[in-house]
Amino acid sequence: MATADASGPLATVKEYPRATVAVVSVVGYALVIGTFAGVVPDSVFPSLTQAEVNLLSHAIAAVNTVTTVLLVLGWRWIRRGDVRKHAAAMSTSFGLIMVFLVMYLAKVGGGPGEKHIVIRETAFLGAYAGAVEVGYLAMLAIHIVLSVVTVPVVLYAIVLGWTHTPEELRTETPHKRVGRWAAGTWIVSLTLGVVTYVMLNWVYAYEFVRVAR
């Protein structure tokens, strides 16, 4: 991804990639957990109606779909040796994930009652509702777990890519191995997220049961 020697702040990041990833990961986790826990002030987020929250859900799914396509393309391009296209696809994917994070935090922090729900049960309606719900919850659980554990791996691959030349990436870093795991788990996580979104919003009817604090 980098085409010249890193300088300035990038030089420090290049020298301490793992420390950089650790700091950024902790900040990211803290933002998400703090938003859910209500620690982040409400004034930080826009006040959203339920309709706007639903619209954000659709926008998030669209962003994740585009990100998944770019990740798959980036994987194919690097296997063909097209480093420039691979770098562009992966960098754009990372940028889109930052867009997703902003929208997701706004949805949780600004939505009506979103932070005050202890339990949200989804009851699918229609034939085979029980089996459908089990499958939905299983995919959702895998999506959430992968979303959490993938963060430092993805950041590490990105940091290495942005601070090293293609030659350095091949000879001096574990970018190839780390990137393979990062892209693979990232694609699976995003795909499951989109599938559960489609199931919940477009394929099956459902009801929300909310238990507030």
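**Salt bridges, cores and surface of a predicted helical model**

With a salt bridge taken as a side-chain nitrogen of Lys or Arg within 4 Å of a carboxyl oxygen of Asp or Glu, the count comes to 3 salt bridges. The model examined here is a predicted one, and the three pairs make a convenient way into it. In general, side chains of opposite charge can pair when their charged atoms come close.

One of these pairs joins E168 to K14, with 3.1 Å between the closest N and O atoms. E168 belongs to helix 6 (residues 166-172) and K14 to helix 1 (residues 9-15), so this salt bridge ties together parts that are 154 residues apart in sequence. The two partners can be told apart by their accessibility. E168 has 13% relative accessibility and therefore counts as buried, while K14 is partly exposed, at 23%.

Helix 6 also holds E167 and R170, whose side chains meet in a salt bridge at 2.8 Å, N to O. Because these residues are 3 apart in helix 6, about one helical turn separates them. E167 is partly exposed, with a relative accessible area of 44%, and R170 is exposed, at 57%. The remaining pair is formed by the side chains of K85 and D82, with an N to O distance of 4.0 Å. Here K85 has a relative accessible area of 42% and is partly exposed; D82, at 27%, is partly exposed too.

Stepping back to the whole fold, the protein chain contains 7 helices and 2 strands. Read from the N terminus, its elements follow the order α-α-α-α-β-α-α-α-β. Among contacts with a separation of 6 or more, 81% are between residues 24 or more positions apart. Of the 213 residues, 37% count as buried. The accessible surface of the chain amounts to about 12200 Å², and carbon and sulfur atoms account for 69% of that area.

Attention can now turn to the interior. In soluble globular proteins, nonpolar side chains tend to be buried together. The largest nonpolar core in this model has 19 residues, of which V21, L71, F94, V154, Y156, W186 and L190 touch the most other members. At least two residues of this core come from each of helix 4 (83-110), helix 5 (129-163) and helix 7 (175-203). Helix 5 supplies the largest share, 7 residues. Apart from this core lies another, of 9 residues, including L48, V53, I60 and V63.

Y156, one of the core residues that touch the most other members, shows how distant stretches of the chain meet. Leaving aside residues up to four places away in sequence, Y156 touches P17, R18, V21, P174 and V178. Another useful viewpoint is S93, a residue of helix 4. With a relative accessible area of 0%, S93 is buried. Its contacts, again not counting residues up to four places away, are T67, L70, L71 and W186; of these, L71 and W186 are also among the core members named above.

T92 likewise lies in helix 4, yet T92 is partly exposed, at 40% relative accessibility. The C-alpha atoms of T92 and L71 are separated by 9.1 Å, with their positions 21 residues apart along the chain.

Helix 2 brings the buried and the accessible sides of the model together. The helix has 21 residues, which at 1.5 Å a residue should span 30 Å; its end C-alpha atoms are 30 Å apart, in agreement with that expectation. P17, V21, S25, G34 and T35 are buried in this helix, and V21 is one of the residues that touch the most other members of the largest core. On the surface, V23, V24, V27 and L31 make up a nonpolar patch, with about 320 Å² of accessible area together. L31 is placed in helix 2 (residues 17-37) and is partly exposed, with a relative accessible area of 38%. Just after helix 2, G38 adopts a positive phi of about 80°.

Notes
Residues are numbered from 1 along each chain as its sequence is written. This is a predicted model: local features need pLDDT of at least 70, side-chain atom pairs count only at pLDDT 80 or more; totals for chains, interfaces and linings use all residues. Side-chain values use heavy atoms; hydrogens and water are left out. Patches are made of residues with over 30% relative accessible area and no salt bridge: like charges are joined within 9 Å, nonpolar side chains (Val, Leu, Ile, Met, Phe, Trp, Tyr) within 5 Å. Accessible areas come from the Shrake-Rupley method with a 1.4 Å probe; for residues, only the protein chains shown count as cover. Helices (H or I, at least four residues) and strands (E, at least two) are DSSP runs, numbered from the N terminus. Buried means under 20% relative accessible area, exposed over 50%, partly exposed in between (1.4 Å probe, protein chains only). The expected span of a helix is 1.5 Å times one less than its number of residues. A nonpolar core is a set of buried Ala, Val, Leu, Ile, Met, Phe, Trp, Tyr and Cys residues joined through side-chain atoms within 4.5 Å. Contact means heavy atoms within 4.5 Å.
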